[in-house]
Amino acid sequence: MNKKTGKQISTSQKEVENFNLRLKELIGAQSISSFGQLIDASEGGIRKWLNNTSKPSFDKVVRIADECKVNLEWLATGKGAKDISNKELINCDEYAYIPVYNVTVSTGHGITNKTETIKRYLAFRKRWLQFRNLNPSELAVVYASGDSMEPTIHSNNSLLVDTSQTSLKDGCIYVLRISDDLFAKRLQKGIDGSVILISDNKEYETQRIEKNRIELLNIIGKVVWMGKDLN
């Protein structure tokens with residue numbers, strides 16, 4: 001019985017509302033902070049899920065199921081078997097699994113990355129990718145660091161990068177490499193052939209790469225999606 005409305009709650013609705021209990025089971029003995037690092041979620045956000053004061057987005061539920069190697073249907077609704085083999089998860093026809101690289105992209109003054117190994121995979125609905133005209137084989141996920149692109153991009157946000165989009169379009173955000181440093185910046189073409197790097201945080205000055213130094217700029221791809229937590 002729902003105490004607020006007096007209406008009988010169906011079994012399926014109760015199962016969905018018990019998401020917090022299933023999440024608590026998956027967290028187990030590890031700290032909420034370490035679990036949050038695993039799924040790219042804040043400790044405060046996870047505590048709200050556990051207290052049933054808010055619910056995670058569907059993409060985040062998929063991420064939890066992926067990292068914990070459990071049945072997505074079980075996690076989201078309480079139905080079906082809890083366990084699912086890694087092979088079954090990867091072969092799911094509904095999702096494309098995009099590699100998450102062990103790379104941090106600076107939104108400030110530059111970060112040199114020594115390794116670009118795959119850390120894990122992040123699930124995206126194939127229908128959503130098709131709607132956005134995105135090819136899974138040309139996508140990669142990296143992490144942001146720094147505050148120069150705030151409020152658009154915050155530190156530790158996940159950035160989905162389309163590596164096929166390397167032609168500069170004014171005002172769009174790109175991941176780019178300058179020497180050994182990786183950045184995420186808005187780009188704009190100068191009338192003199194230069195490229196202007198723009199920070200959304202107005203406390204940072206814009207930077208300009210002159211036409212005779214353009215060869216130093218390597219556009220990795222366009223940022224087409226950002227994953228962030230709402231606290």
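This report walks through the overall make-up of a predicted model, then its helix packing and a few unusual backbone spots.

**The chain as a whole**

Let's start with the broad picture. The chain folds into 8 helices and 10 strands. It has 231 residues, of which 41% count as buried. Among contacts with a separation of 6 or more, 57% link residues that lie 24 or more positions apart. The chain exposes about 13,100 Å², and carbon and sulfur atoms supply 48% of that area.

**Helix α2 and its partners**

Two packed helices are described by the angle between their axes and the distance between the axes. Helix α2 is a good place to put this to use, and the table gives both values for two of its pairings.

| Helix pair | Angle between axes | Distance between axes |
|---|---|---|
| α2 (residues 19–27) and α5 (residues 58–68) | roughly 35° | within 12 Å |
| α2 and α4 (residues 43–50) | about 130° | 8 Å |

Take the pairing with α5, where the axes cross at roughly 35°. This crossing is left-handed. On the α2 side, the contact is made by Phe 19, Leu 23 and Leu 26, and these meet Val 61, Ile 64 and Cys 68 of α5. By class, the contact holds 6 nonpolar residues, with no polar and no charged ones.

Now turn to α4, whose axis makes an angle of about 130° with that of α2. That angle makes α2 oblique to α4. Here α2 contributes Asn 20, Leu 23, Lys 24 and Ile 27, while α4 brings Ile 46, Trp 49 and Leu 50. The mix of classes in this contact is 5 nonpolar, 1 polar and 1 charged. Leu 23 is worth a look on screen: it is named in the contact with α5 and again in the contact with α4.

**Backbone spots to look at**

Most residues other than glycine have a negative phi, and most peptide bonds are trans. With that in mind, three loop positions deserve a visit.

Asn 52 is not a glycine, yet it has a positive phi of about 65°. Its place is in the loop between α4 and α5, and it is partly exposed, with a relative accessible area of 37%.

Lys 69 also has a positive phi, of about 55°, without being a glycine. This lysine is found in the loop between α5 and α6 (72–77). Lys 69 is partly exposed, at a relative accessible area of 35%.

Finally, the peptide bond from Glu 150 to Pro 151 is cis, with omega near 10°. Pro 151 is found in the loop between β4 (139–145) and β5 (158–162).

Technical notes
Residues numbered from 1 in each chain as written. Predicted model: local features only at pLDDT ≥ 70, side-chain atom pairs only at ≥ 80, totals over all residues. Heavy atoms only, no water. Helix = DSSP H or I, 4+ residues; strand = E, 2+ residues; numbered from the N terminus. Buried < 20%, exposed > 50% of the residue type's maximum accessible area, 1.4 Å probe, protein only. Contact = heavy atoms within 4.5 Å. Areas by Shrake-Rupley, 256 points an atom, 1.4 Å probe, with all protein chains shown as cover. Axes fitted to C-alpha atoms, helices over the stretch in contact; angles between N-to-C directions. Left-handed = near helix turned anticlockwise from the far one by under 90°. Nonpolar A, V, L, I, M, F, W, Y, C, P; charged D, E, K, R; others polar. Parallel < 35°, antiparallel > 145°, perpendicular 65-115°, else oblique.
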